[in-house]
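Trainee: Could you take me on a close look at one part of this model? I would like to understand the sheet and what packs around it.

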Amino acid sequence: MATTTASAMEPVHPDPPVVDTQAAATTQASSPAVGEVTHTVVSGDTVGKLAQRYDSTISAIIAANGLNAQALIIVGEVLTIPQGQAGVSAATATSTATGIERETTSASRSAARSEAPPASTSGNAVLDIAYRYIGTPYVWGGSTPAGFDCSGFTQYVYAQAGISIPRSSAAQRNAGTQVSASQAQPGDLVWWPGHVGIYVGDGQYIAAFSPGNPLSVRDIYKANPTFIRVG
């Protein structure tokens with residue numbers, strides 16, 4: 001994956017003192033019937049809020065409306081909201097991932113795939129959760145939706161998906177299996193010394209960056225990222 005180096009690099013954030021956080025228990029409801037509704041965006045709406053209101057997911061809304069990776073919406077815009085996707089997403093994550101792998105696997109790449117760790121079936125769930133917190137302020141030592149630092153955000157999101165990882169970015173480096181840039185998938189960790197985020201795909205990641213820079217999706221511009229498959 002090609003990366004570019006920004007003229008002003010982000011500061012390296014030392015890890016805060018470790019604060020224990022309790023991973024939220026995940027619950028699964030029976031899958032509701034799938035349908036669609038339309039919604040006219042009003043002030044205060046976000047894709048995450050709409051996903052919760054209509055029993056949908058952020059990734060389903062993005063796909064249905066051709067939104068970009070930052071999931072930006074405009075007041076007055078009419079969106080198509082697939083309903084019932086929250087239950088369907090949880091129930092079909094494994095079978096969907098298996099189908100995608102089967103369709104994209106070719107003989108020329110089978111050897112490389114056999115050496116890579118298994119694909120994460122929780123990647124989409126991790127991203128759906130991560131997108132809910134776009135715009136959250138950066139708070140050093142923060143590990144709740146009131147404010148996050150980089151490793152507090154990744155730990156919190158993974159906990160909501162039922163996956164336990166360490167608190168500090170240094171420890172998160174060893175939380176899973178390192179994969180190459182070509183093997184990286186949405187939902188993997190993207191790590192550098194002193195900074196960590198969650199890979200979105202297409203050379204982008206979502207992270208808490210620095211004071212004054214709310215949590216957002218950005219291009220991977222730092223050189224030599226390490227990708228880590230967790231779960």
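Mentor: Happy to; here is a walk through the sheet, starting from the whole chain and ending at the rings around it.

Please keep in mind that we are looking at a predicted model. The chain has 231 residues, and 41% of them are buried. Its secondary structure consists of 7 helices and 10 strands. If you take the contacts between residues at least 6 apart in sequence, 65% of them join residues at least 24 apart. About 11,500 Å² of the chain is exposed, with carbon and sulfur atoms supplying 53% of that area.

Now to the sheet itself. Six strands make it up, in the order E5-E10-E6-E7-E8-E9; the sheet is open and the pairing is antiparallel. At its edges stand strand E5 (177-179) and strand E9 (216-219); each has a single partner strand, so one side of each is left without a neighbour in the sheet. Ignoring direction, neighbouring strands are turned by 40 degrees against each other on average.

Let us follow the chain through E7, E8 and E9. Strand E7 (residues 195-201) and strand E8 (residues 204-207) run antiparallel and are joined by 3 bridges. Together E7 and E8 form a hairpin with 2 residues between them, and aspartate 202 in that turn has a positive phi of about 55 degrees. Across this pairing, tyrosine 199 stands opposite tyrosine 205 in E8. On the other pairing of interest, E8 runs antiparallel to E9, with 4 bridges between them. There, isoleucine 206 stands opposite valine 217 in E9.

E8 deserves a pause. In a regular strand, side chains alternate between the two faces of the sheet. What happens on the two faces of E8? Both are covered: Gln204 and Ile206 are buried on one side, and Tyr205 and Ala207 are buried on the other.

Which helices pack here? Helix H5 touches E7, E8 and E9, and its direction makes about 115 degrees with that of E7. Helix H6 lies across strand E6 (189-192), E7 and E8, running at about 50 degrees to E7.

These two helices also bring us to the aromatic rings. The whole structure holds 7 aromatic pairs. One of them joins tyrosine 133 and tyrosine 156 edge-to-face, with 5.7 Å from centre to centre and 85 degrees between the planes. Tyrosine 133 lies in the loop between helix H5 (123-131) and strand E3 (143-144), while tyrosine 156 is in helix H6 (residues 150-160), so the pair ties together parts that are 23 residues apart in sequence. Is tyrosine 133 buried or exposed? Its relative accessibility is 13%, and the cut-off for buried is under 20%, so tyrosine 133 counts as buried. Tyr133 and Tyr156 also belong to one aromatic cluster together with Phe148 and Phe153.

Two tryptophans add charged partners to the picture. Arginine 173 lies over the face of tryptophan 191, 5.7 Å from the ring centre. Tryptophan 192 has the charged end of lysine 222 over its ring, at 5.8 Å from the centre.

So, to trace the sheet on your own, begin at the hairpin of E7 and E8, then look for H5 against E7, E8 and E9, and finish with H6 across E6, E7 and E8.

Definitions and conventions
Residues are numbered from 1 along each chain as its sequence is written. This is a predicted model: local features need pLDDT of at least 70, side-chain atom pairs count only at pLDDT 80 or more; totals for chains, interfaces and linings use all residues. Side-chain values use heavy atoms; hydrogens and water are left out. Buried means under 20% relative accessible area, exposed over 50%, partly exposed in between (1.4 Å probe, protein chains only). Contact means heavy atoms within 4.5 Å. Accessible areas come from the Shrake-Rupley method with a 1.4 Å probe; for residues, only the protein chains shown count as cover. Rings of Phe, Tyr and Trp (its six-membered ring) pair if their centres lie within 6.5 Å; planes under 30 degrees apart count as stacked, over 60 as edge-to-face and the rest as tilted. A charge sits over a ring if NZ of Lys or CZ of Arg is within 6 Å of the ring centre and within 35 degrees of the ring normal. Two strands pair if DSSP finds at least two bridges between them. Axes are lines fitted to C-alpha atoms, for helices over the stretch in contact, and angles run from 0 to 180 degrees between N-to-C directions.
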